[in-house]
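Have the model open in your viewer, with the sequence panel beside it. We will go from the whole chain down to single side chains, one selection at a time.

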Amino acid sequence: MTNTVKTVAMTEQIYAYLVRQAEPPSAIQQRLIEQTRRLGSAAEMQIPHEQAVFLTLLVKLTGAKKIVEVGTFTGYSTLALAVGMPSGGQLITCDVSADWGQIAQDAWRQAGVADRIDLRLGPAGQTLRRLPETADVDLVFLDADKTGYIEYWDLLVPRVRPGGMLLADNVLYYGEAADELPEGNAAAIAAFNAHVRADSRVESVVLPIADGLTVARKKTREELS
């Protein structure tokens, strides 16, 4: 029996109300939002502010001290993750654009969190393979090229500590991932979602935040035995 749908259909009025319930952007966050908007259509890759608030809250709740992010863009999600970390934390973030990375690094310096962020430029798969093969990552945020999600997931899960978290963005892909025959990036996301759902190493749920957010927890050895 299918559960009754209780998710509220989002309207502009309801969305504006939802945003008002989140902590407002700091002055630095607001400047980064505006600076990113000036990039034009690429700005759609920036996560919405309410999602940034959620990321900060999750980091604080979990006490994450070691984070890996795949997909930096202009650094808004990175900033949200970093401000939730305790001092001495380490956040490794991967991207391929030095220009966008410069925008990000300027914002991180202004926010006083640059010392805990390590921006690594290059193909994400190569960067992740160079990470130590030790299960000590507390939290992962995946928000990059959709066709690479499965590869990145399989490289990251072994590096996450038991009980650690993995987050993946855009897992509804404008709702197209739910199509009977999704195409392009939507097909890649649908395959990724099936891959996560079948992964016995984790327990997961998809939340209807922004374009869909997978929240997964890596099981402990006791839970896997």
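The tour below starts with the overall fold and then visits helices, cores and ring pairs.

**Before you click**

This is a predicted model, in which local features need pLDDT of at least 70 and side-chain atom pairs count only at pLDDT 80 or more, while totals for chains, interfaces and linings use all residues. Residues are numbered from 1 along each chain as its sequence is written, and side-chain values use heavy atoms, with hydrogens and water left out.

**Stop 1: the whole chain**

Show the chain as a cartoon. You should find nine helices and seven strands; these are DSSP runs numbered from the N terminus, with helices being H or I of at least four residues and strands E of at least two. The C-alpha trace spans about 50 × 45 × 30 Å along its principal axes. For 225 residues, a compact globule would have a radius of gyration near 17 Å, and the chain agrees, with 17 Å. That radius is taken over C-alpha atoms, and the globule rule is 2.2 Å times the number of residues to the power 0.38.

Now colour by accessibility: 45% of the 225 residues count as buried. Buried means under 20% relative accessible area, exposed means over 50%, and partly exposed lies in between (1.4 Å probe, protein chains only). Among contacts in the chain with a separation of 6 or more, 70% come from residues 24 or more positions apart; a contact means heavy atoms within 4.5 Å.

**Stop 2: helix 8**

Select residues 184–197. Helix 8 has 14 residues and reaches 20 Å from its first C-alpha to its last, close to the 20 Å expected at 1.5 Å a residue. The expected span is 1.5 Å times one less than the number of residues.

Which residues of helix 8 are buried? Show Ala-186, Ala-188, Ile-189, Phe-192 and Val-196 as sticks, and you have them. Look down the axis of helix 8: these buried residues fall within an arc of 155°, so they line one face of the helix. The arc is that of the directions from the helix axis to the C-beta atoms. On the other side of helix 8, Gly-184 and Arg-197 are exposed.

Next, bring in what the buried residues of helix 8 pack against: strand 4 (137–142), helix 7 (149–156), strand 5 (160–169), strand 6 (202–207) and strand 7 (213–218).

**Stop 3: the nonpolar cores**

Select Ile-67, Leu-81, Leu-139 and Leu-167, the residues with the most contacts inside the largest nonpolar core, which has 30 residues. Such a core is a set of buried Ala, Val, Leu, Ile, Met, Phe, Trp, Tyr and Cys residues joined through side-chain atoms within 4.5 Å. Helix 4 gives the most to this core, with five residues.

Zoom in on Ile-67. Setting aside residues up to four places away in sequence, Ile-67 touches Val-59, Leu-81, Met-85, Gln-90, Leu-91, Ile-92, Val-137 and Leu-139. A second, separate core has 29 residues, including Val-70, Ala-144, Tyr-152 and Val-202.

**Stop 4: the aromatic rings**

How many aromatic pairs does the structure hold? There are four. Rings of Phe, Tyr and Trp (its six-membered ring) pair if their centres lie within 6.5 Å; planes under 30 degrees apart count as stacked, over 60 as edge-to-face and the rest as tilted.

Pick Phe-73 and Trp-100. Their ring centres are 4.7 Å apart and their planes are at 85°, so the pair is edge-to-face. This pair links distant parts of the chain, with Phe-73 in the loop between strand 1 (66–70) and helix 4, and Trp-100 in helix 5, 27 residues apart. Phe-73 counts as buried at 8% relative accessibility, whereas Trp-100 is partly exposed at 26%.

Move to Tyr-173 and Tyr-174. Here the ring centres are 5.0 Å apart and the planes at 80°, so this pair is edge-to-face. Tyr-173 is buried, with a relative accessible area of 15%, but Tyr-174 counts as exposed at 54%.

Then select Tyr-149, Trp-153 and Phe-192, which ring pairs link into a cluster. You met Phe-192 among the buried residues of helix 8.

**Stop 5: helix 5**

Finish with the helix that carries Trp-100. The buried residues to show in helix 5 are Gly-101, Ile-103, Ala-104, Ala-107 and Trp-108. They cover an arc of only 160° around the axis, which puts them on the same side of helix 5. Their cover includes helix 2, helix 4, strand 2 (90–95) and strand 3.
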